[in-house]
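Biologist: I'm new to this structure and would love a close look at one part of it. Could you take one helix as a starting point and walk me through what surrounds it?

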Amino acid sequence: MLRIEQLSLALPYYPRFWRRRYATHLNQLSLSVTAGSVHAIVGASGAGKSLLAHTIMGLLPEDARSGGRCFFKGAALDERRKRALRGRELALIPQSLSALDPLARSQRQVGWAARRAGLSPAGAHQAACQALAHYQLDERACQAYPHELSGGMARRVLTAMAQVTQASLVIADEPTVGLDPLQRDRVLDALAALARQGKAVMLITHDLRHALSIAEHVTVMHEGHCVETAAAHMFHGTGQALQSAYARALWQALPDNAFTLDSGYMKEPYLA
Ligand SMILES: Nc1ncnc2c1ncn2[C@@H]1O[C@H](COP(=O)(O)OP(=O)(O)OP(=O)(O)O)[C@@H](O)[C@H]1O
């Protein structure tokens, strides 16, 4: 469904206000997300996970410099096609809650997402009500403005917006942050259900445990590099099946893994 080849990205920064330099944030990254599966992207804060999502969606600043190639459903995914497919075939559950329109009630925003996906006004209203109910948002939350919602409620509204788009590729950027365990499981179940319906789901998360609970494949990122892509079943035992020391370290760092970390692991040349 989605194939990324040798993706690189550099963004400008200004060491002096008149001087522009570029910093590389994604480096020769390749991965594929197949229809009917969940592909997780894990890595530390600042690894470039959200930038990867924004690159796929075509949401980069105009002065960004990117390289490499992206294919969606077999055809090249250039900036023009990204714009045309965004909100229809490509959906993003953004990490930032500020993606919600501060002047629109929850139900209206989810309805807009459904309308953009091509539903009739009545169909969009029905789809919005169903999606919001699915995430246990009651009438008060449906009629609330973003500033009247808790962080977890706002995140569920964003998830409902992605759900009503009927997109073939859903990218969920930290969709479970700020959710209680029940709501978190509900969101993860909903993403797994989207995959069962044949959609390609990219789950971006800090939490390897959440990733492994629903993903078939996991890509581990570190400082803009793809360190390793492994099938979820490779994360077992001591992690001996994993190729990179960094992926092994993430696995071994899970609290209920009874491993003591080898203090030397971070010094290994895991990016080689
Ligand atoms: N618009 C931007 N302009 C310049 N640099 C940016 C921009 N957005 C992100 N960055 C930088 O790119 C790097 C990767 O950021 P990104 O948000 O993709 O990380 P992340 O892996 O998603 O982290 P987190 O898990 O904390 O969300 C960071 O160093 C960040 O400062």
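Modeller: Here is a walk that starts at helix H1 and moves outward through the sheets, the ligand and the other helices. Keep in mind that this is a predicted model.

Let's begin with the sheet of six strands. This sheet is open, and its strands come in the order S6-S7-S8-S3-S9-S10, with mixed pairing. At the edges you'll find S6, residues 90–93, and S10, residues 225–231, and each of these pairs on one side only. On average, neighbouring strands here are turned by 15° against each other, if you ignore direction. Helix H1, residues 49–57, packs on this sheet and touches S3, S6, S7 (169–173), S8 (200–205) and S9. The direction of H1 makes about 150° with that of S7.

For a closer look inside that sheet, pick S3 and S9. S3 covers residues 37–43 and S9 covers residues 217–222; the two run parallel and are joined by five bridges. If you want a pair to click on, Val42 stands opposite Val220 in S9. As a bit of background, strands of a sheet pair through backbone hydrogen bonds, either parallel or antiparallel.

Now for the other sheet. This one is open too, with four strands in the order S2-S1-S4-S5, and its pairing is antiparallel. S2 and S5 (75–76) stand at the edges with a single partner strand each, so one side of each has no neighbour in the sheet. H1 turns up again here: the helix packs on this sheet as well, touching S1, S2 and S4. Its direction makes about 80° with that of S2.

Within the four-stranded sheet, S1 (residues 2–16) and S2 (residues 19–33) run antiparallel and are joined by 10 bridges. A hairpin of two residues links S1 to S2. Look for Pro12, which stands opposite Tyr22 in S2. S1 also pairs with S4, residues 65–72, in the antiparallel sense, this time over seven bridges. Two pairs show how S1 and S4 line up: Ile4 stands opposite Cys70 in S4, and the bridge partner of Arg3 in S4 is Phe71.

H1 has a part to play around the ligand, too. The shell there has 13 residues, and the closest are Leu11, Ser45, Lys49, Ser50 and Leu51. H1 gives the largest share of that shell, with three residues. Sorted by class, the shell holds four nonpolar residues, eight polar ones and one charged one.

From here, let's move to the helices that pack on one another, beginning with H3. H3 runs over residues 106–116 and H6 over residues 151–164; their axes come within 8 Å and cross at roughly 25°. The two helices are therefore roughly parallel to each other, and their crossing is right-handed. On the H3 side the contact has Ser106, Gln109, Val110, Ala113 and Ala114, which meet Val157, Ala160, Met161 and Val164 in H6. By class, that contact has seven nonpolar residues, two polar ones and no charged ones.

H3 has a contact with H4 as well. H4 covers residues 121–134, and the axes of H3 and H4 come within 8 Å, crossing at roughly 125°. That makes H3 oblique to H4. This crossing is right-handed. From H3, the contact takes in Ser106, Gln107, Val110, Gly111, Ala114 and Arg115, while H4 brings Pro121, Ala124, His125, Ala127, Ala128, Cys129, Ala131 and Leu132. The residues there divide into nine nonpolar, four polar and one charged. Ser106, Val110 and Ala114 are worth finding on your screen, since they belong to the contact with H6 and to the one with H4.

The last stop is the pair H6 and H7. H7 spans residues 181–196, and the axes of H6 and H7 come within 12 Å and cross at roughly 10°. These two helices are therefore roughly parallel to each other. Gly152, Arg156, Thr159 and Gln163 in H6 meet Gln183, Val187 and Ala190 in H7. By class, this contact has two nonpolar residues, four polar ones and one charged one.

To come back to the helix where we started: H1 touches strands of the six-stranded sheet, touches strands of the four-stranded sheet, and gives three residues to the shell around the ligand.

Note on methods. Residues numbered from 1 in each chain as written. Predicted model: local features only at pLDDT ≥ 70, side-chain atom pairs only at ≥ 80, totals over all residues. Axes fitted to C-alpha atoms, helices over the stretch in contact; angles between N-to-C directions. Parallel < 35°, antiparallel > 145°, perpendicular 65-115°, else oblique. Left-handed = near helix turned anticlockwise from the far one by under 90°. Contact = placed C-beta atoms within 7 Å. Nonpolar A, V, L, I, M, F, W, Y, C, P; charged D, E, K, R; others polar. Pairing = 2+ DSSP bridges. Near = placed C-beta within 6 Å.
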